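Student: I'm new to this one and would like to learn how to read it. Could you walk me through a few features?

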Amino acid sequence: MVEMTDAAQDRAPRLLIVEDDPDMADLIESMLEPARCEVAIRYSGQEALAYLKERAQAGREIDLVLLDIMMPVMDGYEVIAHIKSDPLIRDTSVIMTTALDSINDKTLGLGMGADDYITKPFDPQELMARIDAAMRVRRSEQALRRRNKELAALIEINRTVTSSLDLDEVLGATIQGIRSILQVEAGSLVLVDEEADRLVFRTTFSPDQGWISGRTIEPGKGIVGHTIDSGESRLVHNVERDELFSAEADEGGGVTARSILCVPLAVYDRVIGAIELINKVSGRFTNQDMELLQAMASSVAVAIENANLYNELADFARELERSQAQLIQAEKMAAIGRLAASIAHEINNPLQAIHNSLHLSLHEGLALDKRFRYVGMAQDETQRLIGIVQRMLDFYRPSRGGIARANVNHIVENTLALVQKRLQHGHVEVDAMLAPDLPDIPVIPDQITQVFLNITINAIEAMEAGGQLRVQTALSEDGDWTIVRFQDSGPGISSEEVANLFEPFYTTKSNGTGLGLAISYGIVERHGGTIDVVSQPGQGTTFVVKLPCRLENRPAG
């Protein structure tokens with residue numbers, strides 16, 4: 001006798017006999033008694049269809065229907081047609097039982113979707129053999145459909161977790177995906193916190209308490225801790241008999257563990273955590289479940305590592321940005337220091353003029369028109385002083401980091417105004433040729449001022465005995481770039497020095513920091529522009545700064 005088992009589902013097959021003759025129905029049922037299967041009987045096609053739908057909706061679908069063809073009201077062919085057209089029950093296997101011996105009758109049923117037929121009267125052994133063959137085919141089809149579903153879900157999980165660099169999103173998608181495939185009561189994703197020397201339940205789900213995170217346990221504790229320590233998967237069918245089980249470590253969210261499946265999360269032979277599943281909803285965890293979870297864990301571990309690396313990189317980038325801002329501000333202070341004497345002199349002149357004008361205006365017996373003239377002079381010098389201080393503040397204030405549209409000619413003019421006294425004291429004559437009608441361009445104005453100021457101060461210091469500084473602005477022929485040239489008449493520098501000019505801490509001056517031009521290069525580069533140097537010994541030096549006129553001309557990043 002054939003043993004009627006369904007290893008894939010670990011339960012007896014469910015059979016439905018559809019037969020309008022009660023005696024024949026009882027006979028078939030008695031033939032099936034030696035087999036381990038659940039048997040139900042319905043005496044009409046309408047009753048059979050209703051029963052099939054009812055069981056399918058309850059999650060206890062019928063595996064196989066033994067269907068009589070010759071029935072009143074609704075014959076077997078109509079029943080087959082309804083079964084195969086209904087998505088809820090169309091996967092049900094059907095064996096026709098018929099007294100008809102016509103080839104056409106048999107092929108009609110097979111063509112409509114029946115899996116097999118058996119002719120009445122039939123031998124019990126033949127009936128069992130036919131049922132067994134149909135069930136083997138059904139189990140294979142179910143296994144294939146389940147495998148396809150699992151693979152589709154696995155692909156979707158892989159797509160989700162590998163398309164995101166947000167760690168919480170990766171962890172949430174992982175647990176949701178695993179629960180939908182393996183149908184478990186609860187699950188946790190545990191990560192190793194090396195700094196705290198703890199295991200952190202980053203994502204946990206249970207039906208009673210929903211999402212839970214943040215719980216920690218000691219390394220090596222429980223089944224999950226052992227899995228992480230050993231790097232080996234573990235399947236426990238009965239936690240009460242497992243010496244490694246720890247309720248504190250392996251339970252949570254109000255779920256009492258009966259069985260546990262736990263697999264490590266490993267990247268480059270380094271275990272970074274584990275996935276632990278508690279209580280499969282239907283049946284027991286299998287080796288196939290373990291293999292599927294291990295396949296998921298491989299992708300998830302890489303995604304977690306990528307997310308962690310991205311977060312570290314983002315933190316490093318933010319720290320670098322802060323450091324750059326501090327360095328820029330420090331170099332501004334250095335530039336102010338290099339201008340201190342000339343700026344002090346420039347401020348002192350209008351202050352002296354204001355003082356003298358106010359002193360004279362207070363003289364007794366002074367004519368009213370002269371008094372007004374002296375007060376007016378004091379007012380003019382006050383406005384001049386306000387302008388000097390405002391230019392200094394605009395340059396000195398830490399950059400807000402926001403890009404604004406500004407006119408390069410105005411930035412050049414402000415820069416030259418800042419160094420006006422330094423130019424006079426250095427006997428440097430400025431020849432400014434600023435192109436009219438230049439478009440406003442997207443820049444951080446104080447940072448571009450810093451670039452121009454560094455170049456100008458270097459030119460002044462290079463021309464120790466005085467000389468000429470020519471400043472030109474122009475628009476490129478294609479209209480995409482604003483170009484600023486600073487050409488001095490100094491001694492020039494060698495090609496070797498030009499090659500190292502923008503390197504941090506490289507300087508040709510005994511008291512220089514070597515950071516001014518390096519910072520200037522970084523500022524221009526972040527604006528999407530370029531800064532170049534042309535120089536030869538004895539022929540002066542020219543700095544050429546190119547800045548994009550539109551944001552879309554700036555390179556990504």
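Student: Let's start simple: what percentage of the residues of the chain count as buried?

Tutor: Keep in mind that this is a predicted model. Of its 557 residues, 45% count as buried. The chain has 15 helices and 19 strands.

Student: How much of the contact in the chain joins residues at least 24 apart?

Tutor: Take the contacts between residues at least 6 apart in sequence: 66% of them join residues at least 24 apart.

Student: Okay, now a helix. Which residues of α7 are buried?

Tutor: Here's the general idea: an α-helix has 3.6 residues a turn, so residues three or four places apart point the same way. In α7, which covers residues 222-230, the buried ones are G222, I223, V224, G225, T227 and I228. Right after α7 comes G231, with a positive phi near 70°.

Student: What about phi in residues that aren't glycine? Where is D197, and what is its phi?

Tutor: Most residues other than glycine have a negative phi, and most peptide bonds are trans. D197 has a positive phi, near 55°, and sits in the loop between β6 and β7. D437 also has a positive phi, near 60°, in the loop between β14 and β15. D197 is exposed because its relative accessible area is 53%, over the 50% cut-off. D437 is exposed too, at 77%.

Student: And the peptide bonds: which residues does a cis bond join?

Tutor: K120 and P121, with omega at about -15°. P121 belongs to the loop between β5 and α5.

Student: Is E276 buried or exposed?

Tutor: E276, in strand β12, is buried yet has no salt bridge. The nearest side chain of opposite charge, R215, is 6.3 Å away, and a salt bridge has to be within 4 Å, so this pair doesn't qualify. Beyond its close sequence neighbours, E276 is in contact with several residues, including I223 and V224, which are among the buried residues of α7.

Student: Now the surface. Which residues gather in a patch of negative charge?

Tutor: D20, D21, D23, D26, E29 and E33. One of them, D23, lies in helix α1 and counts as exposed because its relative accessibility is 61%.

Student: Which residues make the nonpolar surface patch?

Tutor: L313, F316 and L320 make one of about 310 Å². L320 lies in helix α9, residues 287-361. At 39% relative accessibility, L320 counts as partly exposed.

Note on methods: Residues are numbered from 1 along each chain as its sequence is written. This is a predicted model: local features need pLDDT of at least 70, side-chain atom pairs count only at pLDDT 80 or more; totals for chains, interfaces and linings use all residues. Side-chain values use heavy atoms; hydrogens and water are left out. Patches are made of residues with over 30% relative accessible area and no salt bridge: like charges are joined within 9 Å, nonpolar side chains (Val, Leu, Ile, Met, Phe, Trp, Tyr) within 5 Å. Accessible areas come from the Shrake-Rupley method with a 1.4 Å probe; for residues, only the protein chains shown count as cover. Lys and Arg count as positive and Asp and Glu as negative; His and the chain ends are not counted. The place of a charge is taken as NZ of Lys, CZ of Arg, CG of Asp or CD of Glu. Helices (H or I, at least four residues) and strands (E, at least two) are DSSP runs, numbered from the N terminus. Buried means under 20% relative accessible area, exposed over 50%, partly exposed in between (1.4 Å probe, protein chains only). Contact means heavy atoms within 4.5 Å.
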